[in-house]
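Hi everyone, thanks for coming. I'd like to walk you through a structure that is new to most of us, so please take a moment to look at it with me.

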Amino acid sequence: GRLWCVYEVNEALAAGVEPHAAVSMNYLVDYYAKRRTASSEELCRVETDKATCFSDSDRDMIRGRIEQARGFKTLDETISRF
């Protein structure tokens, strides 16, 4: 999931708004559990191109907007610096 979140970050960047990361408590619990066994690279990996959403038409629109704006690789690099 979370393709809409990826879209919102992409749109904020396109509008010149500096986004900031926010995570759920479940994410933090998982992060700290994984921290014991995973490498820093694994923990910090961002793969926005793997995000999904329920609607096929939404998915196509979002992916098209991201690919037009900067592409998933550049978006991943930007998010990694949050």
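Among contacts in the chain between residues at least 6 apart in sequence, what share joins residues at least 24 apart? The answer is 80%. Please keep in mind, as we go, that this is a predicted model.

Let's get our bearings. The chain has five helices and zero strands, so reading from the N terminus you simply get α-α-α-α-α. In extent, the C-alpha trace spans about 40 × 30 × 20 Å along its principal axes. The chain has 82 residues, and 23% of them count as buried.

Now for the inside. The largest nonpolar core is made of 11 residues. Leu3, Val6, Tyr7 and Val9 belong to this core, along with Ala51, Cys53, Ile62, Ile66, Phe72, Leu75 and Ile79. Three elements, α1, α4 and α5, each give two or more residues to this core. The largest share comes from α1, with four residues.

Let me pick out Val9 for a moment. Setting aside neighbours within four places in sequence, Val9 is in contact with Pro19, Leu75, Ile79 and Phe82. Two names there, Leu75 and Ile79, are also on the core list.

Next, a residue I'd like you to find on the screen: Thr48. You'll see Thr48 in the loop between α3, residues 40-44, and α4, residues 56-69. Is Thr48 buried or exposed? Thr48 is buried, because its relative accessible area is 5%, and the cut-off for buried is under 20%. Who are the partners of Thr48? Beyond the neighbours within four places in sequence, Thr48 is in contact with Val6, Phe72, Leu75, Asp76 and Ile79. With Asp76 there is also a polar contact of 2.5 Å, joining the two side chains.

Last stop, the largest pocket. The volume of this pocket is about 1,300 Å³. Lining the pocket are 29 residues, and the closest to its centre are Ala22, Val23, Tyr27, Val46 and Ile79. So which elements give two or more residues to the lining? They are α1 (3-14), α2 (25-35), α3 and α5 (72-80). The largest share, five residues, comes from α2. By character, the lining divides into 15 nonpolar, six polar and eight charged residues.

If you take one residue away with you, let it be Ile79: a member of the largest nonpolar core, a contact of Thr48, and one of the residues closest to the centre of the largest pocket. Thanks for listening!

Note on methods: Residues are numbered from 1 along each chain as its sequence is written. This is a predicted model: local features need pLDDT of at least 70, side-chain atom pairs count only at pLDDT 80 or more; totals for chains, interfaces and linings use all residues. Side-chain values use heavy atoms; hydrogens and water are left out. Buried means under 20% relative accessible area, exposed over 50%, partly exposed in between (1.4 Å probe, protein chains only). A polar contact is a pair of N or O atoms within 3.5 Å; within protein, one must be able to donate a hydrogen and the other to accept it, and residues adjacent in sequence count only if both atoms are side-chain atoms. Contact means heavy atoms within 4.5 Å. On a 1 Å grid over the protein atoms alone, a cavity is a set of points where a 1.4 Å probe fits but cannot get out, and a pocket is an open set with protein on both sides within 12 Å along at least five of seven lines; lining residues have an atom within 4 Å of a point. Grid points are joined across faces, edges and corners, and a volume is the space filled by probe spheres set on the points. Ala, Val, Leu, Ile, Met, Phe, Trp, Tyr, Cys and Pro count as nonpolar, Asp, Glu, Lys and Arg as charged, and the others, Gly among them, as polar. A nonpolar core is a set of buried Ala, Val, Leu, Ile, Met, Phe, Trp, Tyr and Cys residues joined through side-chain atoms within 4.5 Å.
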